[in-house]
Amino acid sequence: MTPIPLLLADIPVFDGHPDSYLEFASHLPCGGFFAACLTDEIGAAEPSTLAAAIVAELPDLTVVVAASTVDASGAQLHDQFTTLQSLSNGRIGWEIVTAADPAEPVVDDLLDRWGDDRPLLVHAATTPAGRSFAARYADVALGAAPTKQAAKACRRELRRRATAAGRDPDDICFIPTIFTTVHDTGGEAPTPARSDRHLSVSGTGADVAAVMNAWVGDRACDGFFVKFAHNNPGAAVDFVREVAPLLSAPGLV
């Protein structure tokens with residue numbers, strides 16, 4: 001099994017050469033990121049090929065690839081992730097993208113075929129159906145929680161559902177999305193912005209780290225899915241330089 005990532009980075013879409021993705025990802029291990037996530041919409045680059053290139057260059061980073069149980073057959077998914085697992089020495093994750101058709105038969109079959117040598121399983125737990133599916137299968141549940149109270153409620157629900165599904169609730173990590181913007185200097189003390197869905201924090205590195213430490217320290221979540229405000233490698237550099245050294249909550253260092 002791949003280690004559970006407590007800091008998962010979103011790799012944004014770049015308009016330039018595919019090397020931009022590798023440059024961006026190269027900064028992440030120094031900031032305590034266990035993994036980076038490639039969506040299925042990353043411009044001209046093909047996700048599996050790009051994932052293979054990243055894990056080949058960065059031996060301390062797991063790469064999560066989004067793939068749909070509708071757009072690909074079970075056989076295609078098996079071959080795709082079995083190959084990536086082999087190439088990466090087990091440092092591949094699958095973000096399971098589902099649709100209206102039941103995904104459980106496909107996933108059950110794949111898990112039987114993979115056994116213990118399976119990718120890290122990631123799923124978006126942003127709806128009741130998504131939370132039910134994540135509680136049954138996921139190692140990492142991606143969430144949307146604009147407040148600490150909402151995050152706590154979602155984490156409790158996931159753990160309850162996991163127990164009902166016969167799993168140890170400690171085997172699933174709840175990681176909400178956080179949008180971060182790092183400034184060199186602070187003004188007024190920042191207040192985490194409350195959108196309809198996600199947490200967004202703008203401020204100095206110390207400001208951003210304080211919010212993240214507080215959420216994990218209060219058991220509102222097990223880590224964060226970090227999205228950067230600017231789609232360039234410099235955004236990762238700013239986070240690694242200004243925020244990561246100040247993350248002191250258990251699991252974030």
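Confidence in the protein is lowest in strand E8 (residues 193-194), at a mean pLDDT of 56, and highest in E5, at 97. The model is predicted. Its average pLDDT is 88, and 87% of the residues score at least 70. The protein has eight helices and ten strands. Of its 253 residues, 51% count as buried.

**Confidence and contacts**

- Residues 1-5 stay under a pLDDT of 50. For this stretch the model has 21 contacts beyond four places in sequence.
- Take the contacts between residues at least 6 apart in sequence: 71% of them join residues at least 24 apart.

**Largest pocket**

- The largest pocket holds about 250 Å³ of space.
- Its lining consists of 17 residues. Glu95, Ala124, Leu142, Phe225 and Lys227 lie nearest the centre.
- Three strands each give two or more residues to this lining: E4 (92-97), E6 (140-143) and E10 (224-228).
- By class, the lining of the largest pocket has seven nonpolar, five polar and five charged residues.

**Second largest pocket**

- The volume of the second largest pocket is about 200 Å³.
- Here 15 residues form the lining, and Thr98, His123, Ala129, Gly130 and Phe133 lie nearest the centre.
- Strand E5 (120-124) and helix H5 (128-137) are the elements that give two or more residues to the lining of the second largest pocket.
- H5 gives the most to that lining, with six residues.
- By class, the lining of the second largest pocket has seven nonpolar, five polar and three charged residues.

**Nonpolar cores**

- The largest nonpolar core contains 67 residues. Leu28, Trp94, Met212 and Phe224 touch the most other members.
- Helix H7 (residues 205-217) supplies the largest share of this core, six residues.
- A second, separate core has twelve residues. Ala35, Cys37, Leu142 and Ile175 are among them.
- Leu142 thus links two topics: this residue is in the second core, and it is also one of the residues nearest the centre of the largest pocket.

**Ala206 on helix H7**

- Ala206 is placed in helix H7.
- Ala206 counts as partly exposed because its relative accessibility is 42%, which falls between the 20% and 50% limits.
- Beyond four places in sequence, Ala206 touches Glu242 and Leu246.
- Ala206 and Ala244 are 38 residues apart along the chain, and their C-alpha atoms are separated by 9.4 Å.

**Positive phi outside glycine**

- Asn89 is not a glycine, yet it has a positive phi of about 55 degrees. This residue is found in the loop between helix H3 (74-88) and E4.
- Asn89 has a relative accessibility of 71%, so it counts as exposed, the cut-off being over 50%.
- Arg219 is not a glycine either, and its phi is positive at about 60 degrees. The loop between H7 and E10 holds this residue.
- Arg219 also counts as exposed, because its relative accessibility of 63% is over 50%.

Definitions and conventions: Residues numbered from 1 in each chain as written. Predicted model: local features only at pLDDT ≥ 70, side-chain atom pairs only at ≥ 80, totals over all residues. Heavy atoms only, no water. 1 Å grid on protein atoms, 1.4 Å probe; cavity = no way out; pocket = protein on both sides within 12 Å on 5 of 7 lines; lining within 4 Å. Points joined across faces, edges and corners; volume = space filled by probe spheres on them. Helix = DSSP H or I, 4+ residues; strand = E, 2+ residues; numbered from the N terminus. Nonpolar A, V, L, I, M, F, W, Y, C, P; charged D, E, K, R; others polar. Core = buried A, V, L, I, M, F, W, Y, C linked by side-chain atoms within 4.5 Å. Buried < 20%, exposed > 50% of the residue type's maximum accessible area, 1.4 Å probe, protein only. pLDDT = per-residue confidence, 0-100. Contact = heavy atoms within 4.5 Å.
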